[in-house]
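Here are my notes on the structure, written as numbered points for a colleague who is new to reading models. Please keep the structure open beside the text and find each place as it is named.

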Amino acid sequence: MSDPLTLNQRFVLASRPVGAPTPENFRLEREALPDLEDGQVLLKTLYLSLDPYMRGRMSDAPSYAAPVQIGEVMTGGAVSRVEQSRHPKFHPGDLVVGATGWQSHSISDGRNIIPIPIPSGLPSPSMALGVLGMPGMTAYMGLMDIGQPKEGETLVVAAASGAVGSVVGQVAKIKGLRAVGVAGGAEKCKYVVEELGFDACIDHKAPDFAEQLAKACPNGIDIYYENVGGHVFDAVVPLLNPKARIPLCGLIAGYNASEAPKGPDRLPALQRTLLTKRVRIQGFIVFDDYGDRQPEFISAMVPWVRDGKVKFREDVVDGLEQAPQAFIGLLEGRNFGKLVVKVAQD
């Protein structure tokens, strides 16, 4: 039975944003925890993941997943500890990861959680939300399956200091590619080159960004891992080599747009480039398309992380109440590394 004095704190969607989200789009609620039924577990959230895809879930526009309804808990992955259990497969103290949302506690029937796939000896269970979780698997599967990297090729990845882009570039280096990152600001670019080992990193805020990117890719671009869209994509297209591959992971530059962009129709020119250079561009949703290949990803990534071949950085925000502002900052590029909210002590 749940402790009747324990309250669940949760953020629900109060209204749908028009353009960029604001704090008013979220509402913090408190509710008493119900008693457990047979087959259920009570979870205490330790770390909440904040990710760009959540912006799409705040909208009711057609997408690959159902939107969060007004008054529902904001969706999100989290690492949690089992506090109480009436489920045969889970026991108090177990660490699990799953889509339990923006809340301090949750009750699960076990279908939306799995034991945390983090071997002992690694720094933090929050890694299950980053380099050894959805972002890391997104990076790995998009690069390896769609990108089809070959030694000596040139890869460009947008948002290179972020949770996905940082892993993409490091795995590309392991596979013998030239890795060029794109990031926002000198500090992030310095980190991408000096800490992560990319060959170059270009600040997309620079007025001569397109020229700098071309100079960094003297042999053209064989793989462009797309996280951003916008003017970064525009600068990449003329540099694509014949039979280039574009894993399409995200388009964060347009997530806050309230209407389709207006201006000259560039689609025919883009189509001609894709046709004449025989470019492969493929969007994907990692767990929809590759969910059954998680063991393959974990077996490859864990040794790389342990050996220091893949490094990771977390941007940790303390306290569930900080989640809305941290998420708004994420969409503006203010985070540095994988953004997680520390909801409770591990």
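1. Of the 346 residues in the chain of this predicted model, 51% are buried, where buried means that the relative accessible area is under 20%. The accessible surface of the chain comes to about 16000 Å², and carbon and sulfur atoms account for 52% of that surface.

2. The chain holds ten helices and 15 strands. Its radius of gyration is 21 Å, close to the 20 Å that the globule rule gives for 346 residues, so the chain is as compact as a globular protein of that length. Measured out along the principal axes would be the wrong phrase for a computed model, but the C-alpha trace does span about 65 × 45 × 35 Å along them.3. The contacts of the chain can be sorted by how far apart the partners lie in sequence. Among contacts between residues at least 6 apart in sequence, 67% join residues at least 24 apart. A separate example of residues distant in sequence is given by R306, in helix α9, and L122, which are 184 residues apart along the chain while their C-alpha atoms are separated by 7.4 Å. R306 has a relative accessible area of 49% and is therefore partly exposed.

4. How many of the ten residues of helix α3 are buried? The answer is eight, so that this helix, which runs over residues 165-174, is mostly covered. The buried residues are G165, S166, V167, V168, G169, Q170, V171 and A172. They pack against two helices and three strands, namely α2 (134-147), α9 (294-306), β8 (154-158), β9 (178-183) and β11 (221-225). After α3 comes G176, whose phi is positive, near 90 degrees.

5. V171 is a useful residue to look at within helix α3. It has a relative accessible area of 1%, and V171 is therefore buried. Leaving aside residues up to four places away in sequence, V171 touches L143, M144, M301 and W304. V171 and P123, by comparison, are 48 residues apart in sequence and 20 Å apart in space, taken from C-alpha to C-alpha.

6. The loop between β8 and α3 contains S161 and also A159. Is each of these residues buried, partly exposed or exposed? S161 is buried, because its relative accessible area is 7%, whereas A159 counts as partly exposed at 33% relative accessibility. S161 touches S166, A183, K188, Y191, V192, F336 and G337, again not counting residues up to four places away in sequence.

7. The backbone deserves a careful look in two places. Most residues other than glycine have a negative phi. A159, however, has a positive phi, near 55 degrees, and K243 has a positive phi as well, near 65 degrees. K243 lies in strand β12, which covers residues 240-248, and at 54% relative accessibility it counts as exposed.

8. What empty space is enclosed by the chain? Rolling a probe the size of a water molecule over the atoms shows where empty space is left. The count comes to one cavity of 30 Å³ or more, and about 100 Å³ of space lies in the largest cavity. It is lined by 14 residues, of which A163, S166, F312, R313 and K338 are the closest to its centre. By class, this lining has five nonpolar, five polar and four charged residues. S166 thus appears in several of these notes, as a buried residue of α3, as a contact of S161 and as part of the cavity lining.

9. P324 is the last residue on my list, and it is found in helix α10, residues 323-331. With a relative accessible area of 7%, P324 is buried. Its contacts, not counting residues up to four places away in sequence, are F11, F26 and W102. P324 and G130 are 194 residues apart in sequence, and from C-alpha to C-alpha they are 19 Å apart in space.

Conventions: Residues numbered from 1 in each chain as written. Predicted model: local features only at pLDDT ≥ 70, side-chain atom pairs only at ≥ 80, totals over all residues. Heavy atoms only, no water. 1 Å grid on protein atoms, 1.4 Å probe; cavity = no way out; pocket = protein on both sides within 12 Å on 5 of 7 lines; lining within 4 Å. Points joined across faces, edges and corners; volume = space filled by probe spheres on them. Nonpolar A, V, L, I, M, F, W, Y, C, P; charged D, E, K, R; others polar. Buried < 20%, exposed > 50% of the residue type's maximum accessible area, 1.4 Å probe, protein only. Helix = DSSP H or I, 4+ residues; strand = E, 2+ residues; numbered from the N terminus. Contact = heavy atoms within 4.5 Å. Rg over C-alpha atoms; globule rule 2.2 N^0.38 Å. Areas by Shrake-Rupley, 256 points an atom, 1.4 Å probe, with all protein chains shown as cover.
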